[in-house]
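Student: Could you take me through one part of this model slowly? I would like a close look at the open sheet and what lies around it.

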Amino acid sequence: MLVLVAPGQGAQTPGFLTPWLDLPGVEDRLRALSAAAGLDLVHYGTDADADEIRDTAVAQPLLVAAGLVSAAALGDVSPGAVAGHSVGEITAAVLAGVLDDTAALTLVRKRGLAMAEAAAITPTGMSALLGGDPDTTVAHLEKLGLTPANVNGAGQIVAAGTLEQLAALEADKPEGVRRVVALKVAGAFHTRHMGSAVDTLAKAARELTPGDPTITYVSNKDGKAVATGAEVLERLVGQVANPVRWDLCMETFQELGVTALLELSPGGTLTGLAKRALPGVKTLALKTPDDLDAARELISEHANA
């Protein structure tokens, strides 16, 4: 059984879409996605520098577009389940038939803008903690006023809060944590600091007509499979101010009997977590078109008939 997953913000790097433009039809599709987002995604995926694509309002549509064009390049795929990390959930919603391309890019552009505006209210950020006991780490973060915004499993938790709170964390790490790594993101995503973005996204979601998932859709909220498009949309709205529980998503993959995990472009982060948390599950990150042959072989061995 194959699970297809889409990465979240921070996975993008300058020029990462350049090799994909050599494939037939990719530039045309990116132009169509750009029109839906109101953003030149070809420019941002090829010529823009690191600072330009770090902008939340740019990064989020860019990542969803990358996931969609790389998924299309695979051809017909029948995964047993789909999931995405943070903004990758919107990519997964398209793969599951909940949203079409236009709805997804319209929604993700509004999401990115709203989260950028929310992040501008108070100087905030995020830091990854490596190692340590999850319960001990979460209790320590709460003592410092921080939120465990991403509980990623495999010994990784991402803390989010004000810059002062993050500085206190640097000086006072939880017991057992080896490293605290500041992330290059614009704010404390998946926390109460994103409250204003929830209101904006809720209004945008009311304008959409979702379909029910045709593939098992595993949610970041609690790792549960979601049966209706309406609930997927509701969770996508609430997700921006609530923690990402990727650890629970991976537990669900195990329960479903997943034997392979394929991460869409720009892959790497989620396969790294899976290698540590899902022993025995084959993993592959679809980083460039050079990975397509290996990805198709993995699909032929593990995807549902």
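Tutor: Happily; here is a walk through the sheet, followed by a helix, an aromatic pair and a pocket. Please keep in mind that this is a predicted model.

Let's start with the strands. The open sheet is built from six strands with mixed pairing, and their order is 8-7-2-1-9-10. Its edges are strand 8 (225-226) and strand 10 (282-285), each of which pairs on one side only. At the strand 10 edge, the partner is strand 9 (residues 260-263), and these two run in the parallel sense over four bridges. One contact to look for there is Glu-263, whose bridge partner in strand 10 is Ala-285.

Now add a helix. Helix 5 (residues 88-95) lies across strand 1 (2-6), strand 2 (81-84) and strand 7 (216-218), and it runs at about 155 degrees to strand 2.

Next, the aromatic rings. Searching the whole structure turns up one aromatic pair. Its members are Trp-246 and Phe-253, with ring centres 5.8 Å apart and planes at 80 degrees, so the pair is edge-to-face. Trp-246 and Phe-253 are both buried.

Finally, the largest pocket. Its volume is about 680 Å³. The lining consists of 33 residues, and those nearest the centre are Gln-9, Gly-10, Ala-11, Leu-183 and Val-185. Among the elements giving two or more residues to this lining are helix 3 (50-54), helix 6 (101-119), strand 3 (124-131) and helix 12 (269-277).

Technical notes:
Residues numbered from 1 in each chain as written. Predicted model: local features only at pLDDT ≥ 70, side-chain atom pairs only at ≥ 80, totals over all residues. Heavy atoms only, no water. Phe/Tyr/Trp six-rings, centres within 6.5 Å; stacked < 30°, edge-to-face > 60°. Buried < 20%, exposed > 50% of the residue type's maximum accessible area, 1.4 Å probe, protein only. Pairing = 2+ DSSP bridges. Contact = heavy atoms within 4.5 Å. Axes fitted to C-alpha atoms, helices over the stretch in contact; angles between N-to-C directions. 1 Å grid on protein atoms, 1.4 Å probe; cavity = no way out; pocket = protein on both sides within 12 Å on 5 of 7 lines; lining within 4 Å. Points joined across faces, edges and corners; volume = space filled by probe spheres on them.
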